[in-house]
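Me: I have a protein model open and I do not know how to read it. Could you take me through it, feature by feature?

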Amino acid sequence: MKISVRTSTGDTKYFLVNIGLHKGSEFSPFLFTIVMDELTREIEDEVPWYMLFADDIVLIDETREGLNDKLENWRHTLEPKGFRLSRSKTENLRCGFSGVEGGGGEVTTSGVVITRVDKFKYLGLILEERGDIDDDINHRIRVVCQKLKNASRVVCDKKIPNRLKGKVCRIVFRLAVLYGAECWPIKKTQVQRLKVTEMRMIW
């Protein structure tokens with residue numbers, strides 16, 4: 001991809017960029033987001049119909065035809081600028097929260113059928129077709145177990161007071177389990193399960 005940098009004294013000559021988004025870098029996703037915001041300014045929708053975090057994009061629509069149109073708009077906007085939508089990584093989740101099935105047909109982009117899934121993971125959250133959060137809770141509990149395993153030197157140290165160990169466990173548990181959970185459609189049974197799991201980990 002060829003790019004030019006705008007400076008206070010004018011634009012630089014075009015030069016080649018062969019390296020993509022740096023994973024794990026703090027600065028690279030920030031610069032990438034600025035570029036994406038500028039490139040997609042004309043086609044961006046309001047939240048929650050569109051979400052963008054670095055190169056992870058979520059497009060939402062009430063109809064299959066509308067989603068197909070959005071995918072084509074994004075493709076026609078980004079691909080001439082050197083960006084490519086990954087057909088193999090793109091997934092289609094059809095939601096039926098109210099028990100109403102979506103219309104038939106397939107979601108496609110440039111003639112390629114987008115794989116339909118019943119759940120997918122976005123920014124650490126597992127979103128399910130029916131709006132359930134059981135898989136998300138199971139995943140988070142596994143994450144907590146791994147975090148506590150990593151902190152076993154503190155949790156199992158007999159020199160550290162039990163009260164302090166309990167605080168560490170609570171902090172680890174609540175941060176890992178409740179991150180981004182403000183919009184959970186949670187049930188009483190799931191709340192009880194989280195409470196029981198927390199008590200087991202603390203004691």
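Reply: Start with pairing. Two strands pair if DSSP finds at least two bridges between them. This is a predicted model, and here is a case from it. Strands S11 and S12 form a hairpin with two residues between them.

Me: Which residue in the turn of that hairpin has a positive phi?
Reply: Leucine 123, at about 55°.

Me: How many bridges join strand S11 (residues 119-122) to S12, and in which sense do they pair, parallel or antiparallel?
Reply: Four bridges, in the antiparallel sense. Take one position: lysine 121 stands opposite isoleucine 126 in S12.

Me: How do I read the side chains along a strand?
Reply: In a regular strand the side chains alternate between the two faces of the sheet. Now look at S12. Ile126 and Glu128 point to one face and are buried. Leu125 and Leu127 point to the other face and are not buried.

Me: Where can I practise on another hairpin?
Reply: Go to S5 and S6. Strand S6 covers residues 56-59 and runs antiparallel to S5, with four bridges joining them. Methionine 51 has valine 58 in S6 as its bridge partner. This hairpin has two residues between the strands, and alanine 54 takes a positive phi near 55°.

Me: Let me step back. How many helices and strands does the chain have?
Reply: Six helices and 12 strands. The chain has 203 residues, and buried residues make up 27% of them. Its accessible surface comes to about 14700 Å², with 56% belonging to carbon and sulfur atoms.

Me: What share of the contacts with a separation of 6 or more comes from residues 24 or more positions apart?
Reply: They account for 51% of those contacts in the chain.

Me: How far should I trust the coordinates?
Reply: Check pLDDT, the predictor's confidence in each residue, from 0 to 100. The chain averages 80, and 90% of the residues score at least 70. Confidence is highest in strand S3 (residues 10-11), with a mean of 90. Confidence is lowest in helix H4 (residues 152-155), with a mean of 75. Over residues 98-102 the pLDDT is below 50. Beyond near neighbours in sequence, that stretch has four contacts in the model. Where pLDDT is low, the predicted coordinates should not be read in detail.

Me: How do I decide whether a residue is buried or exposed?
Reply: Use relative accessible area. Under 20% is buried, over 50% is exposed, and partly exposed lies in between. Try lysine 70, in helix H2 (residues 64-78). Lysine 70 has a relative accessible area of 12%, so this residue is buried.

Me: Which residues does lysine 70 touch, leaving out those up to four places away in sequence?
Reply: Asp45, Trp49, Leu59, Ile60 and Asp61.

Me: What about glutamate 42: buried or exposed?
Reply: Exposed, because its relative accessibility is 74%. Glutamate 42 sits in the loop between H1 and strand S5 (50-53). The C-alpha atoms of glutamate 42 and asparagine 73 are separated by 10.0 Å. Along the chain those two are 31 residues apart.

Me: Which residues make a nonpolar surface patch?
Reply: Phe27, Phe30, Leu31 and Ile34 make one of about 420 Å². Find isoleucine 34 in helix H1 (residues 27-39). At 45% relative accessibility, isoleucine 34 is partly exposed.

Me: How do I read a salt bridge?
Reply: Look for a side-chain nitrogen of Lys or Arg within 4 Å of a carboxyl oxygen of Asp or Glu. The count here comes to 10 salt bridges. In one of them, arginine 41 meets glutamate 38 at 2.9 Å, N to O. Glutamate 38 is exposed, at 52% relative accessibility.

Me: Which residues are linked in a network of salt bridges?
Reply: Glu72, Arg75 and Glu79. The side chains of arginine 75 and glutamate 79 meet at 3.6 Å, N to O. Arginine 75 is buried at 15% relative accessibility, whereas glutamate 79 is partly exposed at 25%.

Me: Which residue forms a salt bridge with arginine 116?
Reply: Glutamate 129, with the closest N and O atoms 2.6 Å apart. The pair links distant parts of the chain, 13 residues apart. Arginine 116 is in strand S10 (residues 115-117). Glutamate 129 is in the loop between strand S12 (125-128) and helix H3 (134-150). Arginine 116 is partly exposed, at 41%.

Conventions: Residues numbered from 1 in each chain as written. Heavy atoms only, no water. Contact = heavy atoms within 4.5 Å. Patch = residues over 30% accessible without salt bridge, like charges linked within 9 Å, V, L, I, M, F, W, Y side chains within 5 Å. Areas by Shrake-Rupley, 256 points an atom, 1.4 Å probe, with all protein chains shown as cover. Buried < 20%, exposed > 50% of the residue type's maximum accessible area, 1.4 Å probe, protein only.
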